[in-house]
Amino acid sequence: MSAADEALADGKLRLDHPAPNVARLTIANPAKRNALDHDILDAIAEVVPRIEARCLVVTGSERMFSAGYDIGDIPSDVFADEAEKLVAHPFTAAISALEAFRYPSVAVLNGHTIGGGLEVALACDLRIAARGIRLGMPPAKLGLVYSHTGLQKFIDVVGVARTRELFFVGRNVDADRAEAWGLVNEVVEPDELEDAGLELAREIAGNAPLSLSGNKRVIGALLEARNELDADVERELVELRRACFASEDFQEGVRAFGEKRTPDWKGR
């Protein structure tokens, strides 16, 4: 590891610089399928604003991008509070840091990309995926109301119809179908992915920096202006999400998901 490289979050997040003007963040929590915990999310939020590069690559270790939030081991007596804290604060801060990165970012999806892991990928400007991986959003399988800001990202990328399919059906899609939807920009063979991702990052980093940062800012501002919500409506949507964390169904959904069984929904 060079002097400029870092091991963060007790080694669960790595920062290196694989090419000129290119920085790379690697999620490395393989024991939990690269699930996103407080340490990883806090490290992303802390390190991204100080990265100096003209392109940022985000990827995963050991043929897994990320299985999403790490909520499976939260004790039942504090489940609602701790799950909400994980999803509401460090996740939001990490996503905001990625979106605010001044120059373009590329998610290199080397393995399955699920739930919060997929939103991390959507926080990047471009996505390149290995053929054979699967992408999906399981909130309907867990009893989770997703954040309105997260849902808006999906609508911006794949449109209303595909967002409804992802969130209402909850079925994973393979990389080729994800490319047809526009969820990923390019699909390559697994053994070609790392080189293809770095080549794309090198090409981006070699372009005019003022153009890269300026066009990213313009695109972001246009999306933000179009997506403004009435304050009362936004409060309602936030409360819908907050209430789901305390529901019986959410706890049952997470338990059933971990135990690989059909949930017994109660609607409360």
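## Polar contact in helix H10

A polar contact is a pair of N or O atoms within 3.5 Å, of which, within protein, one must be able to donate a hydrogen and the other to accept it. In this predicted model, the side chains of Glu 239 and Arg 242 make such a contact, at 2.8 Å.

Glu 239 belongs to helix H10, which comprises residues 231-245. Its relative accessible area is 38%, so Glu 239 is classed as partly exposed. Although Glu 239 and Val 145 are 94 residues apart in sequence, their C-alpha atoms are 10.0 Å apart in space.

## Aromatic pairs and a charge over a ring

How many aromatic pairs does the structure hold? There are four aromatic pairs in the structure. Phe 245 and Phe 250 form an edge-to-face pair, because their ring planes stand at 80 degrees, over the 60 degrees required, with the ring centres 5.4 Å apart. Both Phe 245 and Phe 250 are buried.

Ring pairs also join Tyr 146, Phe 154 and Phe 167 into a cluster. Over the ring of Tyr 146 sits the charged end of Arg 241, at 5.6 Å from the ring centre.

## Gln 152 in helix H6

Helix H6 covers residues 148-169, and Gln 152 is found within this helix. Is Gln 152 buried, partly exposed or exposed? With a relative accessibility of 23%, Gln 152 counts as partly exposed, because the buried class ends at 20%.

Gln 152 can also be placed relative to Asn 227. These two residues are 75 residues apart along the chain, and their C-alpha atoms are separated by 7.7 Å.

## Helix H8: buried and exposed faces

Helix H8 consists of 13 residues, numbered 193-205. At 1.5 Å a residue, H8 should span 18 Å, and its end C-alpha atoms are indeed 18 Å apart, so the expected and modelled spans agree.

The buried residues of H8 are Leu 193, Gly 197, Leu 198, Ala 201, Ile 204 and Ala 205. They lie on the same side of H8, because they cover an arc of only 125 degrees around the axis. Which exposed residues does the face of H8 turned away from this buried side carry? That face carries Asp 195 and Glu 203.

## Helix H9: buried and exposed faces

Helix H9 comprises 18 residues, numbered 209-226. The expected span at 1.5 Å a residue is 26 Å, and the end C-alpha atoms of H9 are 26 Å apart, which agrees.

Leu 212, Ser 213 and Lys 216 are buried in H9. These residues cover an arc of only 85 degrees around the axis, so they are on the same side of the helix. On the other side of H9, the exposed residues are Leu 210, Leu 222, Ala 225 and Arg 226.

## Cysteines

The structure holds zero disulfides. Cys 55 is in no disulfide, its nearest cysteine sulfur being that of Cys 124, at 9.2 Å; because a disulfide requires the two sulfur atoms to be within 2.5 Å, this pair does not qualify.

Are Cys 55 and Cys 244 buried or exposed? Cys 55 has a relative accessibility of 0% and therefore counts as buried. Cys 244, at 6% relative accessibility, likewise counts as buried.

Key:
Residues numbered from 1 in each chain as written. Predicted model: local features only at pLDDT ≥ 70, side-chain atom pairs only at ≥ 80, totals over all residues. Heavy atoms only, no water. Helix = DSSP H or I, 4+ residues; strand = E, 2+ residues; numbered from the N terminus. Buried < 20%, exposed > 50% of the residue type's maximum accessible area, 1.4 Å probe, protein only. Phe/Tyr/Trp six-rings, centres within 6.5 Å; stacked < 30°, edge-to-face > 60°. Lys NZ or Arg CZ within 6 Å of the ring centre and 35° of its normal. Expected span 1.5 Å × (residues − 1). Arc of directions from axis to C-beta.
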